[in-house]
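The following exercises are to be worked with the sequence and the coordinates at hand. Each task is followed by a stepwise solution.

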Amino acid sequence: MTDAAISASTSGTFLLGGDLPVTRLGFGSMRLTGDGVWGDPRDPDEAVRVLRRSVELGVDFIDTADSYGPFTAELLIKKALHPYPENLVIATKAGFTRQGPGRWTPVGRPEYLRQQAELSLRHLGVDRIDLFQLHRIDRSVPLADQIGELKALQDEGKIRHIGLSEVSVADVEAASKFADIVSVQNRYNVGERSAEDLLDYSAEHGIGFIPWAPLASGPLAREGSSLSRIAHDHGATPAQLALAWLLKRSPVMLPIPGTSTVAHLEQNIAAASIKLTDAEYDTLAKAA
């Protein structure tokens with residue numbers, strides 16, 4: 001595939017919240033940090049190149065979080081892309097604190113969520129966050145207080161839309177009593193589909209579904225597997241087929257594959273142009 005033919009735009013578009021268009025194949029920034037999602041990346045210059053190249057290839061939806069680094073990814077996004085293209089949508093998250101590499105603890109106290117939102121505004125260099133997601137529900141804090149604070153920030157014009165991460169259908173229904181929920185972000189890929197009911201609920205209600213770990217396919221990617229065979233037929237990699245499968249799975253699906261290298265980024269974006277037949281899609285669905 002020629003460089004000119006690689007474009008995220010071929011993945012189609014989705015309206016977040018019914019009013020914010022995003023190209024369905026986006027970019028996740030977690031891998032732009034150090035080991036254990038902690039500290040600076042090994043090659044900060046390459047991280048900047050990855051972000052700039054993603055926009056060149058048609059990506060207009062970038063997902064990040066205050067906890068990636070912490071704040072490393074947000075600061076890299078600002079360094080690489082600010083002032084931002086008019087159509088660029090940046091989604092960030094708060095509610096997951098860091099105690100060291102690979103360590104995460106939910107904190108949903110309203111004053112903490114507000115503090116982190118204010119810091120993200122500063123670190124990203126924006127006046128309003130397009131999509132602000134509760135990274136994890138803190139079960140020790142009333143949900144009304146957590147979502148209520150995000151709604152207050154929304155009413156103040158500091159965030160545009162509200163999303164959730166790692167939740168159940170019941171969680172979304174409960175949160176929706178206090179604010180409009182426009183997106184959910186759960187682990188989901190061709191080999192891991194425990195959030196199937198949430199995806200179906202999202203499609204029914206027009207909620208964007210952002211699958212994290214979208215490239216993971218486990219044993220499905222082994223040599224001789226159905227995923228490997230179909231990938232070979234398309235002249236693609238198993239990871240590219242995994243992304244193509246997600247894009248075909250549902251029109252509300254918004255994959256955000258992440259990487260720390262430009263070469264891998266270009267491979268991921270090339271998956272947007274792969275069109276699976278219904279038979280190929282069904283084969284992969286049944287194989288999982």
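**Exercise 1. A buried arginine**

Task: In this predicted model, determine which side chain of opposite charge is nearest to Arg 136, and whether Arg 136 is buried or exposed.

Solution. Arg 136 is buried, yet it has no salt bridge. The nearest side chain of opposite charge is that of Glu 166, at 5.1 Å. A salt bridge requires a nitrogen–oxygen separation within 4 Å. Arg 136 belongs to the loop between β8 (129-134) and α4 (143-155). Beyond four places in sequence, the residues that Arg 136 touches include Phe 96, Pro 106, Glu 166 and Trp 212.

**Exercise 2. Helix α3**

Task: Compare the expected span of helix α3 (residues 110-124) with the distance between its end C-alpha atoms, then state which elements its buried residues pack against.

Solution.
1. The expected span is 1.5 Å times one less than the number of residues; for the 15 residues of α3 this gives 21 Å.
2. The end C-alpha atoms of α3 are 21 Å apart, which agrees with the expectation.
3. Among the buried residues of α3 are Tyr 112, Leu 113, Gln 116 and Leu 124.
4. The buried residues of α3 pack against α2 (72-81), β5 (89-94), β6 (96-100), β8 and α4.
5. After α3 comes Gly 125, with a positive phi near 75°.

**Exercise 3. Salt bridges**

Task: Identify where Glu 118 and Lys 158 lie, and what their pair ties together.

Solution.
1. The side chains of Glu 118 and Lys 158 form a salt bridge with an N to O distance of 2.5 Å.
2. Glu 118 is in helix α3 and Lys 158 is in the loop between α4 and β9 (159-165), so the pair ties together parts 40 residues apart in sequence.
3. Both are partly exposed: Glu 118 has a relative accessible area of 30%, and Lys 158 one of 24%.
4. For contrast, Asp 155 and Lys 151 form a salt bridge at 2.7 Å, and both lie in helix α4, 4 residues apart, about one turn of the helix.
5. Through shared partners, salt bridges join Arg 114, Glu 118, Glu 149, Glu 156 and Lys 158 into one network.

**Exercise 4. Sheet order**

Task: Which strands are the edges of the open sheet?

Solution. The sheet has 7 strands, with parallel pairing, in the order β3-β4-β5-β8-β9-β10-β11. The edges are β3 (27-28) and β11 (208-209), each pairing on one side only. β3 pairs with β4 (residues 61-63) over 2 bridges, and Gly 28 has Asp 63 as its bridge partner in β4.

Notes: Residues numbered from 1 in each chain as written. Predicted model: local features only at pLDDT ≥ 70, side-chain atom pairs only at ≥ 80, totals over all residues. Heavy atoms only, no water. Buried < 20%, exposed > 50% of the residue type's maximum accessible area, 1.4 Å probe, protein only. Lys, Arg positive; Asp, Glu negative; His and termini not counted. Contact = heavy atoms within 4.5 Å. Pairing = 2+ DSSP bridges.
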